[in-house]
Amino acid sequence: IPYGTPTGSFFASFYATRWLEIQANGKRGVSYSVTESETYFIENQIGGGINIQPAARVLLKGYASTGPNQYPRSPADPAGRRDERTLFGGGLSVLLTDRAVLTGLITRIDTVSSSSAVGDSAVTRYTLGVSLSGELAR
């Protein structure tokens, strides 16, 4: 199914102090759906985050984004499906050695669908990772 709409993204970061970073981000792009009847949707998200480094080897972070997922109109759904998605979460990065960083994140994604056939969803994701870059994950 062809589409014609602008896409893109942005990211901005500002260090208010040495230990406080404020971030803003957004994107508009095509994402592929998991259903055959709705093969793709346009995802629009705007959000931000904050990083606080209370100690040399510790970084705390929080983030959130929100926006609609707009599906194309079809004969089955002439109004077009529109989901509202909200994501928020936080985490902790700890520098374990000169090279090893352990990062844990908890993210919640809530989706409210305009389609009664699809319904609403809520997912909580737990992520634990190790980086060998020697830098705290921002």
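# Exercises on a seven-stranded predicted model

Ten bridges join strand 3 to strand 4, and these two strands run antiparallel. The exercises below start from this pairing, and they concern a predicted model.

## Exercise 1: The strand order and its pairings

Task: Determine which secondary structure elements the protein contains, and work out how strand 5 pairs with strand 4 and with strand 6.

Solution. Begin with the inventory, which comes to zero helices and seven strands, so that reading along the sequence gives the pattern β-β-β-β-β-β-β. Next, take the connection between strand 3 and strand 4, which form a hairpin with two residues between them; within this pairing, Gly 49 stands opposite Tyr 63 of strand 4. Moving on, strand 4 and strand 5 pair in the antiparallel sense over 13 bridges, and two of the residue partnerships can be named: Ser 65 has Leu 87 of strand 5 as its bridge partner, while Leu 60 has Leu 92 of strand 5. Finally, strand 5 and strand 6, the latter covering residues 101-113, pair in the antiparallel sense over 13 bridges, and a hairpin of five residues joins them. In this last pairing, Gly 91 stands opposite Leu 105 in strand 6.

## Exercise 2: The two faces of strand 5

Task: Sort the residues of strand 5 into a covered and an uncovered face.

Solution. The principle to apply is that side chains in a regular strand alternate between the two faces of the sheet. For strand 5, the covered face consists of Asp 83, Arg 85, Leu 87, Gly 89, Gly 91, Ser 93 and Leu 95. The uncovered face consists of Arg 82, Glu 84, Thr 86, Phe 88, Gly 90, Leu 92 and Val 94. Returning to the bridge partners, Leu 87, which pairs with Ser 65, is listed on the covered face, whereas Leu 92, which pairs with Leu 60, is listed on the uncovered one.

## Exercise 3: The aromatic pair

Task: Find how many aromatic pairs there are, and classify the geometry of the rings of Phe 41 and Tyr 71.

Solution. The count comes to one aromatic pair. The ring centres of Phe 41 and Tyr 71 are 5.0 Å apart and their planes stand at 40°, so the pair is tilted, since this class lies between the cut-offs of 30 and 60 degrees. As for placement, Phe 41 belongs to strand 3 (residues 40-55) and Tyr 71 to the loop between strand 4 (58-70) and strand 5 (82-95), so the pair ties together parts that are 30 residues apart in sequence. Both Phe 41 and Tyr 71 are buried. A further partner appears at the ring of Tyr 71, because the charged end of Arg 81 sits over it, 4.0 Å from the ring centre.

## Exercise 4: Three residues and their surroundings

Task: Describe the exposure of Arg 28 and Asn 25, and list the contacts of Arg 28, Asn 25 and Gly 47.

Solution. Start with Arg 28, which lies in strand 2 (residues 20-32) and, at 30% relative accessibility, counts as partly exposed. Beyond neighbours within four places in sequence, Arg 28 is in contact with Thr 5, Pro 6, Thr 7, Gly 8, Ile 42, Glu 43 and Asn 44. Asn 25 also lies in strand 2 and is partly exposed, with a relative accessible area of 25%; with the sequence neighbours within four places left aside, the contacts of Asn 25 include Phe 10, Phe 11 and Gly 47. From Asn 25 to Gln 45, 20 residues along the chain, the C-alpha separation is 8.2 Å. Turning to Gly 47, which is found in strand 3, the residues touched, not counting those up to four places away in sequence, are Gln 23, Ala 24, Asn 25, Ala 64 and Ser 65.

## Exercise 5: The overall form

Task: Compare the radius of gyration of the protein with that of a compact globule of 138 residues.

Solution. The compact globule would have a radius of gyration near 14 Å, but the protein has 18 Å. The C-alpha trace spans about 60 × 25 × 20 Å along its principal axes. Of the 138 residues, 31% count as buried, and the protein exposes about 8700 Å², with carbon and sulfur atoms supplying 62% of it.

Definitions and conventions:
Residues numbered from 1 in each chain as written. Predicted model: local features only at pLDDT ≥ 70, side-chain atom pairs only at ≥ 80, totals over all residues. Heavy atoms only, no water. Phe/Tyr/Trp six-rings, centres within 6.5 Å; stacked < 30°, edge-to-face > 60°. Helix = DSSP H or I, 4+ residues; strand = E, 2+ residues; numbered from the N terminus. Buried < 20%, exposed > 50% of the residue type's maximum accessible area, 1.4 Å probe, protein only. Lys NZ or Arg CZ within 6 Å of the ring centre and 35° of its normal. Rg over C-alpha atoms; globule rule 2.2 N^0.38 Å. Areas by Shrake-Rupley, 256 points an atom, 1.4 Å probe, with all protein chains shown as cover. Pairing = 2+ DSSP bridges. Contact = heavy atoms within 4.5 Å.
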